[in-house]
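Good morning, and thank you for joining this short presentation. Please have the sequence and the structure open in front of you as I speak.

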Amino acid sequence: MPTSQDMTTEFDPGLLDALQHQVAVFARRAEQTRLGGTGQLRNSMDRAAYLLLNRLDREGPMGVKALAAGMGIDSSTVTRQVAPLVDTGLVKRTSHPEDGRAVVLQLSPRGQARLEEVRASRRQLMVEVTEGWTPTERESFCALLTRFNTALSARQSGLPAPADPAASTS
């Protein structure tokens, strides 16, 4: 099995340096704008809230442990991040349908409406940022960024990267 050093020499070090630099610039720009969208909704929802609401919307009600596992973070972090979402009425705590003693988190109607507003704003930002791109370029960038994020997520969790480049992460 090749070592990390062997694998690095298989690639152009200059290209790897440029790639890591562009990833760092992207991370800084993303944090500066929070990819928050346009208009009044710009920067109106932090990344953690957006990802939590998005997951609850896509996967439905779930407990803190399941939400944490699906996002690759610990339960205490989810609990801390969900608290203000519950306080503002974007997420509600309900009883588990099969075990009334257990609590699940669920996107509220207010949370659903807010998420849709933020998504629309962020879609508009993507339109503006990629205005000169062809549909194929947008699709390629999305596929490569998804693949990159999936590989980073797998590496962080100590798992091999999925063979399916279409797999998504949170």
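**Helix packing and salt bridges**

I begin with a single residue, Asp57, which has a relative accessibility of 26% and therefore counts as partly exposed, since that class lies between the limits of 20% and 50%. I shall return to its partner shortly. Please keep in mind throughout that this is a predicted model.

Let me place that residue in the overall architecture. The protein comprises seven helices and two strands. Along the sequence the order is α-α-α-α-α-β-β-α-α. The protein has 170 residues, of which 24% count as buried. If we take the contacts between residues at least 6 apart in sequence, 44% of them join residues at least 24 apart.

I turn now to the packing of helices. Two packed helices are described by the angle between their axes and the distance between the axes. I shall use that description for three pairs.

The opening pair is helix α3, residues 47-59, with helix α6, residues 109-129. How do their axes cross? They come within 10 Å of each other, at an angle of roughly 115°. That angle makes α3 roughly perpendicular to α6. As to its hand, the crossing of α3 and α6 is left-handed. On the α3 side, the contact is made by Tyr50, Leu53, Asn54 and Asp57. On the α6 side, the residues are Gln112, Leu115, Val118, Arg119 and Arg122. Sorted by class, this contact of α3 with α6 has four nonpolar, two polar and three charged residues.

Two of the residues just named, Asp57 and Arg119, also form a salt bridge, with the closest N and O atoms 2.9 Å apart. Where in the chain do Asp57 and Arg119 lie? Asp57 is in helix α3 and Arg119 is in helix α6, 62 residues apart, and the pair thus links distant parts of the chain. Is Arg119 buried or exposed? Arg119 has a relative accessible area of 14%, and because the limit for buried is under 20%, Arg119 is buried. Asp57, as I said at the outset, is partly exposed at 26%.

Arg119 has a further partner. Arg119 forms a salt bridge with Glu116, and here the closest N and O atoms are 2.8 Å apart. Both Arg119 and Glu116 lie in helix α6, three residues apart, which is about one turn of the helix. Glu116, with 33% relative accessibility, counts as partly exposed.

Helix α6 also holds the pair Glu117 and Arg114. Their side chains meet in a salt bridge at 3.3 Å, N to O. Glu117 and Arg114 are three residues apart in α6, about one turn of the helix. Glu117 is partly exposed, with a relative accessible area of 42%, whereas Arg114 counts as buried at 19% relative accessibility. For Arg114, I would draw attention to the cut-off, since buried means under 20%.

How many salt bridges does the count come to? The count comes to five. There is also a network of salt bridges, linking Arg55, Arg58 and Glu59.

Arg55 brings us to the next helix pair. Helix α3 packs with helix α4, residues 64-71, at an angle of about 110°, with the axes 11 Å apart. The helices α3 and α4 are therefore roughly perpendicular to each other. From α3, Leu51, Leu52, Arg55 and Leu56 meet Leu67, Gly70 and Met71 of α4. By class, this contact of α3 with α4 has five nonpolar, one polar and one charged residues.

The remaining pair is α4 with helix α5, residues 75-87. The angle is about 105°, and the axes are 8 Å apart. That makes α4 roughly perpendicular to α5. In this contact, Val64, Lys65, Leu67 and Ala68 of α4 meet Ser75, Val78, Thr79 and Val82 of α5. The contact of α4 with α5 has five nonpolar, two polar and one charged residues. Leu67 of α4 meets residues of α3, and Leu67 also takes part in the contact with α5.

I close with Arg47, which lies in helix α3. Is Arg47 buried or exposed? At 53% relative accessibility, Arg47 counts as exposed. The C-alpha atoms of Arg47 and Ala30 are separated by 9.8 Å, the two residues being 17 residues apart along the chain.

Thank you for your attention.

Technical notes. Residues numbered from 1 in each chain as written. Predicted model: local features only at pLDDT ≥ 70, side-chain atom pairs only at ≥ 80, totals over all residues. Heavy atoms only, no water. Axes fitted to C-alpha atoms, helices over the stretch in contact; angles between N-to-C directions. Helix = DSSP H or I, 4+ residues; strand = E, 2+ residues; numbered from the N terminus. Parallel < 35°, antiparallel > 145°, perpendicular 65-115°, else oblique. Left-handed = near helix turned anticlockwise from the far one by under 90°. Contact = heavy atoms within 4.5 Å. Nonpolar A, V, L, I, M, F, W, Y, C, P; charged D, E, K, R; others polar. Salt bridge = Lys/Arg side-chain N within 4 Å of Asp/Glu carboxyl O. Buried < 20%, exposed > 50% of the residue type's maximum accessible area, 1.4 Å probe, protein only.
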